[in-house]
Amino acid sequence: MTVQPITLIWFRRDLRLFDNTALQTAIRRGLPVAGVYIFDTGANPATQQNHRRQSFLYDSVVAFQTALRAKNVPLYVLHGQAEIEIPKLAQELHAAAVVCADEDEPQASARDNRIWHTLDAAGREMVRVDDQVVLPKATVMTHNGRPYTVFTPYKTAWQQTYSRCFGHWQPSDDWAALAALQAALPDAVCRRPRMPAPEEIGFTHQATMFAGGEDAAQKQLGRFLEHIGNYHLARDFPAQKGTSRLSPYLSHGMLSPRHLVFLAKQADSEGANVWLNELIWREFFKQVLFHHPNAAEESFRQEYRSIVWENQQEWFERWKAGQTGYPIIDAAMRQLKSSGWMHNRLRMITAGFLVKDLLIDWRWGEAWFAEQLIDYDLAANNGGWQWSAGTGCDAQPYFRIFNPILQSQKFDPDGQFIRRYVPELAHLGKDVVHAPWLARESIDTHGYPEPMVNRAEQREKALVLFKRNDQTE
């Protein structure tokens with residue numbers, strides 16, 4: 001008896017129907033298709049402990065399973081080690097090939113290589129396609145064939161390459177071909193796969209500030225596009241809804257990066273161009289991680305790998321809890337802990353404070369963000385932290401140290417954001433809320449702590465620490 005082979009699509013950070021490269025690649029192979037998503041127990045432990053992120057992903061997978069079912073594509077949802085479960089399911093479903101979007105994270109890439117060897121030994125193909133970024137890996141290189149390590153020339157080259165390759169981009173979704181293929185889907189594959197409960201996967205489901213799924217992503221995109229022209233004016237002010245708030249959807253693939261760049265260019269306004277710049281930063285950090293996988297675990301700049309950080313555990317705990325005595329820092333950290341999200345300007349301020357004011361290893365902070373952020377992405381998180389710390393490529397210089405009081409006065413001038421997340425200070429006026437300890441008269445701060453460090457002293461320590469290791473001096 002001849003068994004009808006299928007193509008198995010392993011969905012990862014591409015939980016969408018629109019402009020999904022893996023899905024369309026599978027359709028072009030000419031066999032019926034089925035999908036699989038796995039909550040991989042071999043993934044980064046920090047992300048598995050992030051229950052808000054897991055909840056957002058779970059809701060998104062449920063929505064994606066429903067969307068695929070409407071197109072007669074079953075989605076199997078598994079929990080376990082991908083190295084075991086993917087080859088096992090491919091065998092059970094008689095898959096001739098497994099198609100998936102390529103990963104840029106070193107650990108995931110190594111895992112995929114091992115799965116490829118297992119599938120190959122069983123006579124099955126593993127087809128990896130590019131989907132997470134617009135111009136992946138070695139697409140944008142210097143004239144000498146080397147990867148860029150400075151953003152501005154990378155952006156220039158990226159724009160030129162994009163114009164050549166995607167100047168007339170249009171999605172190529174072929175739903176008619178999919179419908180024809182799925183008419184021949186074997187009955188054994190067509191059964192409705194079971195969705196494991198959150199408790200089986202190992203997390204407690206929580207409500208999040210972001211609704212999961214592609215439809216929710218498109219709704220948020222629509223809201224942002226209504227105000228994209230003002231993005232450059234509002235994006236730095238955390239009390240306003242001035243950012244796109246699309247990062248969770250882009251990070252987990254409910255939105256197509258090609259579509260977002262297309263929309264930014266189509267809008268062609270100052271705000272849209274600034275937003276496009278942020279999308280290119282995302283691509284920059286991903287290609288940095290691809291070419292320099294060691295940056296995932298150590299400073300990109302070799303001269304800073306031997307820094308001996310002070311790493312005071314008590315200070316780190318106060319930073320995490322939002323009890324540093326610096327209102328804008330504490331408001332930001334409390335926003336992160338209560339919602340799983342933090343405004344981008346505040347990510348830079350809090351990261352700089354941890355490294356250059358508390359003299360704590362940037363990797364401690366990076367790991368804490370991984371445990372908290374719904375939109376966690378290794379390349380973006382690592383790139384942002386190393387930029388703020390001064391240890392990465394094209395990083396903020398070590399001697400440029402954010403002053404949290406000045407940042408607070410500039411970007412939260414009325415203290416609205418501070419009062420929202422630090423209720424102890426809600427009664428204070430804008431003249432004192434940024435630095436209550438500097439008030440001319442004694443004021444009641446309802447137990448809010450004094451500043452935990454003297455910034456002037458810490459700044460000098462930071463300069464000495466970095467300068468001692470800086471080989472460019």
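This report describes a sheet, the pockets and the cavities of one predicted model.

## Basis of the model

Residues are numbered from 1 along each chain as its sequence is written, and side-chain values use heavy atoms, with hydrogens and water left out. Because the model is predicted, local features need pLDDT of at least 70 and side-chain atom pairs count only at pLDDT 80 or more, whereas totals for chains, interfaces and linings use all residues.

## The sheet and helix 1

Five strands (DSSP E runs of at least two residues, numbered from the N terminus, as are helices, which are H or I runs of at least four) form an open sheet in the order 3-2-1-4-5, with parallel pairing; two strands pair if DSSP finds at least two bridges between them. Strand 3 (75-80) and strand 5 (125-129) are the edge strands, each pairing on one side only, and the twist averages 25° from one strand to the next.

Strand 4 (residues 95-101) runs parallel to strand 5 and is joined to it by five bridges, with Cys 100 standing opposite Arg 128. Helix 1 (residues 21-28) packs on this sheet and touches strand 1 (6-10), strand 2 (33-40), strand 4 and strand 5, where contact means heavy atoms within 4.5 Å. The direction of helix 1 makes about 155° with that of strand 4; axes are lines fitted to C-alpha atoms, for helices over the stretch in contact, and angles run from 0 to 180 degrees between N-to-C directions.

## Pockets

On a 1 Å grid over the protein atoms alone, a pocket is an open set of points with protein on both sides within 12 Å along at least five of seven lines, a cavity is a set where a 1.4 Å probe fits but cannot get out, and lining residues have an atom within 4 Å of a point. Grid points are joined across faces, edges and corners, and a volume is the space filled by probe spheres set on the points.

The largest pocket has a volume of about 1100 Å³, and of its 37 lining residues Glu 278, Trp 281, Asn 344, Arg 347 and Ala 380 are the closest to its centre. The second largest pocket holds about 870 Å³, and helix 5 (106-121) gives the largest share of its lining, five residues.

## Cavities

The structure holds four cavities of 30 Å³ or more, and the largest, with about 150 Å³ of space, is lined by 14 residues. The second largest cavity encloses about 100 Å³, and helix 19 (378-389) gives the most to its lining, with five residues.
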